[in-house]
Amino acid sequence: MLLAVDCGNTNTVFALWDGDQMIGHWRTSTEWQRTADQYYVWLSTLMTLQGIKAQITDVIISSTVPRVVFNLRVLSDRYFKTRPLVVGKPECALPVDVRVDEGTTVGPDRLVNTVAGYHKYGGDLIVVDFGTATTFDVVAKDGAYVGGVIAPGVNLSLEALHHAAAALPHVDISKPQNVIGTNTVACMQSGVFWGYVGLVREICDRIKAESGVPMKVISTGGLAPLFQQTADLFDAYEDDLTMQGLRRIHEHNKDIGTHA
Ligand SMILES: Nc1ncnc2c1ncn2[C@@H]1O[C@H](COP(=O)(O)OP(=O)(O)O)[C@@H](O)[C@H]1O
Ligand SMILES: CC(C)(COP(=O)(O)O)[C@@H](O)C(=O)NCCC(=O)O
Ligand SMILES: [K+]
């Protein structure tokens with residue numbers, strides 16, 4: 001069984017794969033201080049509660065937070081007796097090309113989304129991931145990652161308003177009924193929600209125009225469901241795209257023999 005770990009700047013998700021079946025997934029907040037022992041107690045407790053008898057032989061990690069990787073490696077070595085594959089490291093091969101400026105380090109989550117998106121939808125694709133940041137990953141016809149866009153995340157935008165302006169409260173995002181807010185909270189939600197709808201539409205239109213070909217647009221990430229009801233932004237929504245991508249990258253490395 002494969003344990004796939006997707007560590008974002010806000011949340012870390014663990015998924016357990018038995019072949020092509022995902023038999024469990026668990027989410028915790030991302031904290032670099034968390035030790036391997038803490039991860040293991042938490043994971044094994046949840047698995048036991050769900051009656052899952054995990055036989056973990058392989059581990060793959062994608063992390064947008066470099067310092068958490070150390071303890072995740074220890075988890076893999078100590079408790080599963082296996083050396084993890086870490087996306088973005090030279091020893092982890094990708095089944096797609098990465099065509100960006102020399103010296104650029106692309107977020108591993110974006111590479112994983114590219115692999116999964118290309119596998120399911122083919123090329124000429126835009127993957128929009130609503131995480132801590134909102135990323136647009138552009139996937140060429142041949143599946144290569146060819147760049148994209150990084151915008152401030154939805155919650156980050158609301159938090160920035162709250163932190164910078166004395167009279168603006170902490171607000172949770174939700175879809176407002178109207179554009180014209182009649183109280184402070186509604187005004188803030190409207191600014192971020194409808195501003196975001198405009199941002200997504202404009203960026204996707206410009207990516208398509210710059211690419212000169214029709215492109216599919218898919219959404220994923222913690223806050224993607226919020227925009228699902230907004231017609232015509234996306235062709236599809238994928239709730240576990242990153243996990244699908246991690247499984248594929250692991251399979252690819254097994255196939256070509258980079259990872260025993
Ligand atoms: N189901 C949810 N409902 C509301 N907010 C959520 C939900 N899931 C995640 N979030 C929030 O969405 C943002 C992005 O989450 P996530 O996709 O897990 O981020 P990352 O991958 O960057 O860690 C965070 O601010 C998180 O608190
Ligand atoms: C853009 C990101 C911060 C998004 O991270 P997330 O919102 O998933 O936590 C991450 O992909 C990253 O750190 N990227 C490095 C720069 C780049 O991708 O070009
Ligand atoms: K993410």
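The following legends describe close-up views of the two ligand sites in a predicted model.

**View 1. Residues surrounding ligand 1.** In this predicted model, the shell around ligand 1 consists of Gly8, Asn9, Thr10, Asn11, Arg27, Phe130, Gly131, Thr132, Asn155, Gly221, Gly222 and Leu223. By class, nine of these shell residues are polar, two are nonpolar and one is charged. Domain 1 (2–86) and domain 2 (108–244) each supply at least three residues to the shell around ligand 1.

**View 2. Polar contacts of ligand 1.** The side chain of Thr132 places an N or O atom 2.6 Å from an oxygen atom of ligand 1. A polar backbone atom of Gly222 lies 2.8 Å from an oxygen atom of the ligand. For Asn9, a backbone N or O atom is found 3.4 Å from an oxygen atom of ligand 1. Ligand 1 on its own exposes 560 Å², of which the protein buries 63%. The space that ligand 1 takes up is the largest pocket.

**View 3. Residues surrounding ligand 2.** Around ligand 2 there are 13 residues, and those that come nearest are Asn9, Gly107, Asp109, Arg110 and Ala133. The shell around ligand 2 comprises eight polar, three nonpolar and two charged residues. Asn9 also belongs to the residues that surround ligand 1.

**View 4. Polar contacts of ligand 2.** Two side chains are shown with this ligand: Asp109 has an N or O atom 2.8 Å from an oxygen atom of ligand 2, and Arg110 has an N or O atom 2.9 Å from an oxygen atom of ligand 2. From the backbone, a polar atom of Ala133 lies 2.9 Å from an oxygen atom of ligand 2. Taken alone, ligand 2 has 470 Å² of accessible area, and the protein covers 75% of that.

**View 5. Placement of ligand 2 in the pocket and between the domains.** Ligand 2 sits in the largest pocket. Helix H3 (108–121) and strand E7 (133–139) are the elements that give two or more residues to the shell around ligand 2. Because domain 1 (2–86) and domain 2 (108–244) both contribute residues to the shell around ligand 2, the ligand lies between these domains. The largest pocket is also the space taken by ligand 1.

Notes. Residues are numbered from 1 along each chain as its sequence is written. Chains are lettered from A and ligands numbered from 1 in the order in which they are written. This is a predicted model: local features need pLDDT of at least 70, side-chain atom pairs count only at pLDDT 80 or more; totals for chains, interfaces and linings use all residues. Side-chain values use heavy atoms; hydrogens and water are left out. A residue is near a molecule or strand if one of its heavy atoms lies within 4 Å of it. A polar contact is a pair of N or O atoms within 3.5 Å; within protein, one must be able to donate a hydrogen and the other to accept it, and residues adjacent in sequence count only if both atoms are side-chain atoms. Accessible areas come from the Shrake-Rupley method with a 1.4 Å probe; for residues, only the protein chains shown count as cover. On a 1 Å grid over the protein atoms alone, a cavity is a set of points where a 1.4 Å probe fits but cannot get out, and a pocket is an open set with protein on both sides within 12 Å along at least five of seven lines; lining residues have an atom within 4 Å of a point. A molecule sits in a cavity or pocket if more than half of its atoms lie within 2 Å of its grid points. Ala, Val, Leu, Ile, Met, Phe, Trp, Tyr, Cys and Pro count as nonpolar, Asp, Glu, Lys and Arg as charged, and the others, Gly among them, as polar. Domain bounds come from an automatic or database domain assignment. Helices (H or I, at least four residues) and strands (E, at least two) are DSSP runs, numbered from the N terminus.
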